[in-house]
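User: I should like to understand the reasoning behind the terms applied to this protein. Please set each term against the value that supports it.

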Amino acid sequence: MTIKGRFDRFTRQIRPTEDHIDEANRQVKYMIERLHDKVAEDGSFVLEKTLRAGSNAKFTSLRKTAENRFDVDLGAYYSGEGATKERLDTLLDFTRAKLIEIYPQKEKEDFIKLQSAVRVRFTSGIKLWVDVAPIVRDDSLGITNGGHIPRDDGWRLTSVTAHNDFIAKRTEESKKVSGPVRFNRLVRLVKWWNNLQGPLLQPAIFCELITAAAVRDTGVTPEWQTSLRQVFTFLRKHGLKEPIVFNDYYDPKKVQTATGTAVVIDSVNPKNNVTALWTNQTREEFLERVQDAYDATVAAWSAERDGDEDEAVEHWCEVFGPAFRTLSEEE
Ligand SMILES: Nc1ncnc2c1ncn2[C@@H]1O[C@H](COP(=O)(O)OP(=O)(O)OP(=O)(O)O)[C@@H](O)[C@H]1O
Ligand SMILES: [Mg+2]
């Protein structure tokens, strides 16, 4: 099989199956409908809407593996009296209580209160995990569904809906280039690589933003091999020494943007730096990983050009792990 053929299979294999997605959507739809009824009945809080968030909504989710759980993110968009950041704990407890009411037959331990969300763990069928994060409505960004979402390290004023649109817009744009490369699929590949980086593992939003920055610079090509190489080339040259920032929702020249050792800024909120915790050491180590990946893409390209498919596969396995071989094998 050619490397091109292998990438066709690999990119299909690393995403959840259609059946998986359909089943997840069915379960989530049921949950959302019931949650609205339960909250309305109770009357303590106003649940304006439930937002579909995260990789499922962006078509960037990865199939379930040891490094990656297949989960669905929902945002419970609360507004009005009592729905404040100070009351996160109450909102989490409240959301959890309502979710328990929806599934009275489920064990209580399958409703886990995390720091930033309530996780509902389904143990049968596709064994889905649904993370329901309370979002406290805040219109100050002037963007659809803006609000404060809790993350493990504090609140972020942002919009999960705008994040979905950020990806969708770029995926549409990438369709103008012939060939298989689509922005969302490229993000999947970058996330797959990222998942193998151990202590340097970065959140998905980081993968999206760096991929978007690379694509803004050089676009996508008609094939995976060169598109991927361009992502690593971009990172290598850029070195995360300058801020990575976008003008989709604000003019970076006109607003005050976050500062830090490395600056990769939320496309929605210029004050939200997703690499706020990076040190110089993080950057150095990250760039070493980038260099390794870049070298592997170059070696893979040269092997492919010489017609040595086996060696090319070896090199792609340096980027994506042994799964590149197994998941790209013909059935
Ligand atoms: N640091 C952050 N700042 C702003 N918004 C964030 C941040 N982290 C996550 N989010 C929002 O929360 C959503 C869910 O986050 P999550 O980390 O689960 O990403 P994901 O795209 O679902 O990736 P994964 O497939 O790894 O779950 C994101 O789509 C984004 O809208
Ligand atoms: Mg997620």
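The discussion below concerns a predicted model and takes up its strands, its domains and its ligand.

User: What makes β2 and β5 a pair of strands?

Analyst: Pairing requires at least two bridges between the strands. Strand β2 (residues 71-79) and strand β5 (residues 129-137) are joined by eight bridges and run parallel. The two strands therefore count as a pair. Within this pairing, Ala76 stands opposite Pro134 in β5.

User: How do you know that β4 and β6 also pair with β5?

Analyst: The same reasoning is applied to each. Strand β4 (residues 118-121) is linked to β5 by four bridges in an antiparallel arrangement, with Val120 opposite Val130 in β5. Between β5 and strand β6 (residues 147-151), also antiparallel, there are two bridges. Since the requirement is at least two bridges, the pairing of β5 with β6 is therefore accepted. Here Val136 of β5 stands opposite His148 in β6.

User: Why is ligand 1 said to lie between the domains?

Analyst: The protein is divided into domain 1 (3-12 + 165-328) and domain 2 (16-162). Because both domains give residues to the shell around ligand 1, the ligand is placed between them.

User: What makes a residue part of that shell, and which residues come nearest?

Analyst: A residue belongs if its C-beta atom, placed from the backbone, lies within 6 Å of the ligand. There are 19 residues around ligand 1, and Gly54, Ser55, Val160, His163 and Ala204 come nearest. Two or more residues each are given by α3 (54-58), β2, β7 (154-158), α5 (160-174) and α7 (204-218). The largest share, three residues, is that of α3.

User: How is the shell around ligand 1 divided by class?

Analyst: The shell holds six nonpolar, seven polar and six charged residues. Gly counts as polar in this scheme, so Gly54, one of the residues that come nearest, is placed in the polar class.

User: How do you know that the two domains touch, when their C-alpha centres lie 28 Å apart?

Analyst: Contact is judged between residues, with C-beta atoms within 7 Å. On that basis, 15 residues of domain 1 are in contact with 15 residues of domain 2. The domains are therefore said to touch.

User: Which elements supply the side of domain 1 that touches domain 2?

Analyst: Both α5 and α6 (183-195) supply at least two residues there. The most comes from α6, with six residues. By class, this side of domain 1 has seven nonpolar, four polar and four charged residues.

Methods
Residues numbered from 1 in each chain as written. Chains lettered and ligands numbered in written order. Predicted model: local features only at pLDDT ≥ 70, side-chain atom pairs only at ≥ 80, totals over all residues. Domains from an automatic or database assignment. Contact = placed C-beta atoms within 7 Å.
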